[in-house]
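User: Could you take a close look at the largest pocket for me, and then walk me through the parts that go with it? I would like the cut-offs as you go.

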Amino acid sequence: MDFDGLKVADEFSRDISSPVINVLREDESQPGSTLYTQGAAILRSAPGGPATVIAGNVKDKGLVNGDASNARFGIIFDFLFYEPRRIAIVDYHYGCIRGLDLEANAVSNIAGICSTEPVSSSGLPSFAIPTRIVYLKRQSYFIVYAYSTQTFSFQLLKIDSATRSVSLLNDSLTGRISKVRSLLVDQSETVLYVGYSGGLAKVDLHSFEAIDLTFHGPAVQNGPAAVGTLNYMRWLVDGVIIVAVTEEAVAVIDLGLEEVDFLCNGKLCSQVM
């Protein structure tokens, strides 16, 4: 998939010199523009203008806070707006959720080990190797998939955006969901959808019951359709998820009808093949 001549990866590029976009999101601070990552930087693409770096450096990696133009990141796995002009950035390489304040034009640490040192064995409530993040605006907390320094395993973690305290989202989810590739919360902020190694799970954020969802579609003759590897789920409309499954294909998942269709280059894959 191409964007301004760059390749949008379904797997993460570990080479920061590679011209690959790992994350692409709508710029909520500047309507009509798009933010994306390339190398160790976040760039803005505005209609009719060239792309500009708003934080970090495409070719230079590091753990440096302060002025956004001088700040440095490691490997950016994900980012999102959690306030109109504030962005949370998942810095996989340094085990950190970093914050970009567009008003102050400054970068700071939000949570995590935020270090070049190995993962601590102290058992303190923190994390390393974060990969995915969502934010619940009404409840003011992040959900992050990361390596917990308390349990020494990958977990769904909760980070309070005010106190920045870190805790397990819920003990009952420990060992239940692994190898998470995508997180998506519904508009009511009562349900978390998790794309993981077992497919797609629906997590009730009150009871924390997790249910694996099954779908029907043209990919199968009998039984549920396999949704494949789910990267960067997004809402297409209410109740319908669109998600990349390969570089050329996306899945359109209708939660109400329990159906999934696969699109290859804008057409049903069955019509392309």
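**The largest pocket and beyond**

Analyst: Happy to! The lining of the largest pocket counts 23 residues, with Arg25, Glu28, Leu80, Leu184 and Arg234 lying nearest its centre. Two or more lining residues come from each of strand E3 (20-26), E8, strand E12 (127-136), strand E16 (182-185) and strand E20 (231-237). Strands here are DSSP runs of at least two residues, labelled E and numbered from the N terminus. The volume of this pocket is about 680 Å³. A pocket is an open set of points on a 1 Å grid over the protein atoms alone, where a 1.4 Å probe fits, with protein on both sides within 12 Å along at least five of seven lines; lining residues have an atom within 4 Å of a point. Points are joined across faces, edges and corners, and the volume is the space filled by probe spheres set on them. By class, 12 of the lining residues are nonpolar, two polar and nine charged. In this scheme Asp, Glu, Lys and Arg are charged, Ala, Val, Leu, Ile, Met, Phe, Trp, Tyr, Cys and Pro are nonpolar, and the others, Gly among them, are polar.

A note on the model: it is predicted, with local features needing pLDDT of at least 70 and side-chain atom pairs pLDDT 80 or more, while totals for chains, interfaces and linings use all residues. Residues are numbered from 1 along each chain as its sequence is written, and side-chain values use heavy atoms, leaving out hydrogens and water.

E12 and E16 also each give two or more residues to the largest nonpolar core, as do strand E13 (141-148), strand E17 (191-196) and strand E18 (199-204). Of the 20 residues in that core, Ile143, Leu169 and Leu192 touch the most other members. Such a core is a set of buried Ala, Val, Leu, Ile, Met, Phe, Trp, Tyr and Cys residues joined through side-chain atoms within 4.5 Å. Among the contacts of Ile143 (heavy atoms within 4.5 Å) are Leu156, Leu183 and Leu205.

Just before E8, the loop from strand E7 (66-67) to strand E8 (76-83) holds Arg72. Arg72 is buried, because its relative accessible area is 16% and buried means under 20% (exposed is over 50%, partly exposed in between; 1.4 Å probe, protein chains only). Its side chain makes a polar contact of 3.0 Å with that of Asp60, that is, a pair of N or O atoms within 3.5 Å, one able to donate a hydrogen and the other to accept it, with sequence neighbours counting only if both atoms are side-chain atoms.

Terms used:
Helix = DSSP H or I, 4+ residues; strand = E, 2+ residues; numbered from the N terminus. Lists of a residue's contacts leave out its neighbours within four places in sequence.
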